[in-house]
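Let's walk through this fold together, one strand at a time. Have the structure open and follow along.

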Amino acid sequence: MRIVYHNSSITNPDRWAGERARQLAEALNRTGVEIRTHPPVPAAPRRGLTRAGAARSWLQAHTPSRWLNAVIRLRLLQRGTINTVRWSWRLWRDLRASPPDVVLSRYHEYEWTPLIVAWLLRRPLVLEVHAPFGLEATLRGQRPSRLAGWMDRTFFRRSDLIWVHTPELGAIVAGSVADPGKIRLIPFGVADPNVLATPGAPVERVEFCFVGSFYQWHGLEDLLTAFSRARLRVPGIHLTLAGDGVTRAESQARAASFGLGDAVAFPGWLDRRAVYSLLQHSHVGVAPYRRARYNYFEPVKILDYQMAGLPVVASAVGHIPEMVDDGVDGVLVPPGDVEALTEALVRLAADPELRRDMGRAARRSAQRVDETAEAVVKVCREAAAIR
């Protein structure tokens, strides 16, 4: 069985999506199946931000979201077009003499590479779908993209099998395909960094952390409000918001308006080692999502928290209640309920034993990337057999 795994993020050092892709590629190699990644996985991914990443971080931190959304859409279209031309030609040139049995690819905005390559090589396509991009624009407060919606439908209909991470996403994709039976549900997993957090630290310095993108539906405004209230009751707590996105400038302004000062840190995007270091020195991971029209996502950040042995405070929305066992490995709160979120932060900040017990349970419940890889290989074998 020979599989080519195409994922344009695999060489990207600036985004955590690149780290997810590299973790999956490494796990696929451990299954014993012949895997070729494209682009090739770098032997040592660059640490820190590239110049383009640093420029993007500055732009996202200083540009109002109503302007930044339009810039992001144009940038995605440009990048998808360039990648389509570059990667389609290289893949066809490198693989035509000895084509794989299956093309496995992550679905990216405005990039046609996997569909073109599978068609040229006459091989089945297994599509990894994280989001329907025609709908995701609505979560950013934009109108649905007709071009992205048409691209969604085209990809979903022409793929042989589709890998989704949540039942909610599967239901959305099923509305765009003639045969919903070709959708396969496989939860994503994360690598074990062999890092255990230290949730038993004294209450005088309890560290909360958030790792991810800054978007409207992530609920960071609610988190900052709740954190400012919790800090009045537990003065020693600290919050790190690691990442970038369209609402970073607003989040920084809100933190300043609350007078949080050194109590909240905005380090921007962090590489793999820096994220693991942050998790190692944190006590609670937070994912305070707001309710949105479409809650199809599987927040992989929650898996990172769990793998590091952190209890999780998260909103009970979408697929999250399937990931977090309320009262066992974390605390679930109603989306948008700042009072409930405040109480959850205070409760965990004030109880080291509860943090320790929940953290141990969280680590046991985390989905491993090797489990995901084994399931993906089975789907690839199924696609080859169907063809």
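Keep in mind that this is a predicted model. A good place to start is strand β10, where three bridges link residues 284-287 to strand β11, residues 312-315, with the two running parallel. Within that pairing, Val286 sits opposite Val313 of β11. To get from β10 to β11, the chain passes through helix α11 (residues 300-307), and this β-α-β crossover is right-handed.

Strand β10 also has a parallel partner in β7 (residues 207-211), joined to it by two bridges. Here Phe208 stands opposite Val284 of β10.

Now look at the two faces of β10. In a regular strand, side chains alternate between one face of the sheet and the other. On one side of β10 lie Val284 and Val286, on the other Gly285 and Ala287, and all four are buried, so both faces are covered.

Next, turn to the open sheet built from six strands in the order β2-β1-β3-β4-β5-β6, with parallel pairing. Its edges are β2 (34-38) and β6 (183-185), each of which pairs on one side only. From one strand to the next, the twist averages 20 degrees.

Zoom in on β1 (residues 2-6), which pairs with β2 in the parallel sense over five bridges. One residue to find there is Val4, whose bridge partner in β2 is Arg36. Packed on this sheet is helix α1 (residues 16-30), which touches β1, β2, β3 (102-106), β4 (125-128) and β5 (161-164). The direction of α1 makes about 175 degrees with that of β1.

Terms used
Residues are numbered from 1 along each chain as its sequence is written. This is a predicted model: local features need pLDDT of at least 70, side-chain atom pairs count only at pLDDT 80 or more; totals for chains, interfaces and linings use all residues. Side-chain values use heavy atoms; hydrogens and water are left out. Buried means under 20% relative accessible area, exposed over 50%, partly exposed in between (1.4 Å probe, protein chains only). Two strands pair if DSSP finds at least two bridges between them. A crossover is right-handed if, with the strands pointing away from the viewer, the path from the first strand over the helix to the second runs clockwise. Axes are lines fitted to C-alpha atoms, for helices over the stretch in contact, and angles run from 0 to 180 degrees between N-to-C directions. Contact means heavy atoms within 4.5 Å.
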